[in-house]
Amino acid sequence: MSAPPLLEHMRGLIRAAGPLSIERYMEIALWHPAWGYYATHRPVGARGDFITAPEISQVFGELIGLWLADAWQRLGAPDPVVLCELGPGNGTLMADLLRAAAVVPPFRRAIRVHLVEASAALREAQGRVLAAATPAWHDSVATLPPGPLLLVANEFLDALPIRQFERGPDGWRERRIGLDAGGALTLVGDSAPTSESLPDWPVGSVVERRPTARMLARDLGRRLATQGGAALFVDYGYFPPAPGDTLQAVARHRGHDPLRDPGTADLTAHVDFADFAAAATAAGVRAWGPVTQARFLAALGIDIRARRLAAGKDAAEQATIESGCRRLLDETQMGTLFKALALTGGAASPPAGFD
Ligand SMILES: C[S@@+](CC[C@H](N)C(=O)[O-])C[C@H]1O[C@@H](n2cnc3c(N)ncnc32)[C@H](O)[C@@H]1O
C-alpha cells in the first residue's frame, strides 16, 4: 500500500534538505493546502476532533461578552471599537459574546467585528453563523483598522507551532523530525548545540519555544500600548515556565501519536504563559494573570449566570447546563489546566476577573 500523500511529501522534504524543525513539521501537517489537517478536517465540535469551552457551554461566551463590555467602559466607551477574535473556530464564542454584549446597547452598536482566521472552510462556517454581524476577515492582526482594540482568543495560541530543544551534556540541541531506516518519521537531535538563549534546566530536559506567539505578543503589545485596548487569551498551558515535551495530537476526541499519519490529527502544545506575557510587556503593555479558568469564570459570576439560564428549563436541560459549567470549572477537567491572561494598554487597575 502506498503512503498517504502528506507523509510522502514530508519524506521528500527530509530526504532533500534534512530533518524538519518541529515548527515546520506542525506548519505543514496543519496547513498544507491540499493534505493538511485544516484543509481536510472539521476540527471543533462533538462531531469534530475536539471540543472547546464555547462549544461546551454558551455561558463561557456570555461571560466573555460581559468582560468585554466592562473593558470597553474602562476605555471610555469608544465608538466605533474594533472587536477582534483570533481563531474563531465555528464562530460560537463570537455569537455568544455578541448576544451578551447586547445588554449594553451602546457597546453593541459600537462593535465592528474582525476575525483572524487561516482556514477557508472555517471562514465559511463563521460567515454563516455571524452573518448579521458583518465580520471582516484577516490573515493577521497587522491589517486590523486602527483605533482602540478589544481582542479575544480561546485556544488559539496552543495551535501555533513550537520549536523544541533538548539539553545534552554540552548544551541545548534543537529536536527535529527525520526518518528512521524504515522511512518512518522519528525525532532526531541536531548535531551541534543551538545558539538560542535557553534556561538552565537539567540535562535530559526538553524546552519549548513558540516564535509566532512571541511575534503576536510583540505586535499586539505595541498596538495596545499606543492605541489603547484590552486583549483576553484563554488557553491550556503552564505557569510558571517548566521543562517538558507537550506536543500532542488529537483525532476524534482521542490522543494520537503526533508523528503518525501527519495531517489526520490536530497538533497542539501547551502555552508558556510567562513567555507570552514577557514578550507583550517588553512591547509596552501590562499583562494580568494568568489566573486559572475556574477562578476567572467564578469571578465573572458563572454560578449566577448558569442559574439564570437554567431557570424555567426542564430537568434534562438544567442537567446539561450544570454539567457543562462543571466541565469548565472542575480542576480535573478544564478548570486548572486552562488559564486566562489579559493584556491592557495603559490601564493601571486590573481588568475584571484578575483582581
Ligand atoms: C483550536 S481551534 C479554536 C476555535 C475556537 N476559538 C474555539 O474555542 O472553539 C483554533 C482556531 O484557530 C485557527 N488558527 C490556528 N492557527 C491559526 C493561524 N496561524 N492564523 C489564523 N488562524 C489560525 C483555526 O483555524 C481555528 O479557528
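1. Strands β10 and β16 (residues 338-344) pair in the antiparallel sense over 7 bridges. Within this pairing, D235 of β10 has K339 of β16 as its bridge partner. The model discussed here is predicted, and the points below should be read as statements about that model.

2. Strand β10 also pairs with two further strands, taken here in turn. Strand β5 (residues 149-154) runs parallel to β10 and is joined to it by 6 bridges. In that pairing, N154 stands opposite V234 of β10. Strand β14 (residues 271-272) likewise runs parallel to β10, with 2 bridges between them. Here G237 of β10 is opposite V271 of β14.

3. How much of β10 is buried? The strand spans residues 229-238, and 10 of its 10 residues are buried. In a regular strand, side chains alternate between the two faces of the sheet. In β10, one set, made up of G229, A231, F233, D235 and G237, points one way, while A230, L232, V234, Y236 and Y238 point the other way. Both sets are buried. D235, the bridge partner of K339 in β16, belongs to the set with F233. V234, which stands opposite N154, belongs to the set with Y236.

4. The ligand is surrounded by 19 residues, and the closest are T52, G87, G89, E117 and N154. By class, this shell holds 11 nonpolar, 5 polar and 3 charged residues. N154 thus appears twice in this note: it is among the closest residues to the ligand, and it stands opposite V234 in β10.

5. Which polar atoms of the protein lie close to those of the ligand? A side-chain N or O atom of E117 is 2.5 Å from an oxygen atom of the ligand. A polar backbone atom of N154 is 2.8 Å from a ligand nitrogen. For A118, a backbone N or O atom lies 3.2 Å from a nitrogen atom of the ligand. On its own the ligand has 590 Å² of accessible area, and the protein covers 92% of it.

6. A separate open sheet entry concerns 3 strands in the order β12-β11-β13, with antiparallel pairing. The edge strands are β12 (254-256) and β13 (266-268), each of which pairs on one side only. Neighbouring strands of this sheet are turned by 40 degrees against each other on average, direction ignored. Strand β11 (residues 248-251) and β13 run antiparallel and are joined by 3 bridges. One bridge pair is V250 with D266 in β13.

7. Two cis peptide bonds deserve a look, given that most peptide bonds are trans. The bond from D79 to P80 is cis, with omega near 5 degrees. P80 is found in the loop between α5 (58-74) and β2 (81-86). The bond from G289 to P290 is also cis, with omega near 10 degrees. P290 lies in a strand, β15 (residues 286-292).

8. Backbone phi values should be checked at two positions, since most residues other than glycine have a negative phi. T134, not a glycine, has a positive phi of about 40 degrees. T134 lies in the loop between α8 (120-129) and β4 (136-138), and it counts as exposed, at 63% relative accessibility. H253, again not a glycine, has a positive phi of about 65 degrees. H253 lies in the loop between β11 and β12. H253 is partly exposed, with a relative accessible area of 40%.

Key. Residues are numbered from 1 along each chain as its sequence is written. This is a predicted model: local features need pLDDT of at least 70, side-chain atom pairs count only at pLDDT 80 or more; totals for chains, interfaces and linings use all residues. Side-chain values use heavy atoms; hydrogens and water are left out. A residue is near a molecule or strand if one of its heavy atoms lies within 4 Å of it. A polar contact is a pair of N or O atoms within 3.5 Å; within protein, one must be able to donate a hydrogen and the other to accept it, and residues adjacent in sequence count only if both atoms are side-chain atoms. Accessible areas come from the Shrake-Rupley method with a 1.4 Å probe; for residues, only the protein chains shown count as cover. Ala, Val, Leu, Ile, Met, Phe, Trp, Tyr, Cys and Pro count as nonpolar, Asp, Glu, Lys and Arg as charged, and the others, Gly among them, as polar. Two strands pair if DSSP finds at least two bridges between them. Helices (H or I, at least four residues) and strands (E, at least two) are DSSP runs, numbered from the N terminus. Axes are lines fitted to C-alpha atoms, for helices over the stretch in contact, and angles run from 0 to 180 degrees between N-to-C directions. Buried means under 20% relative accessible area, exposed over 50%, partly exposed in between (1.4 Å probe, protein chains only).
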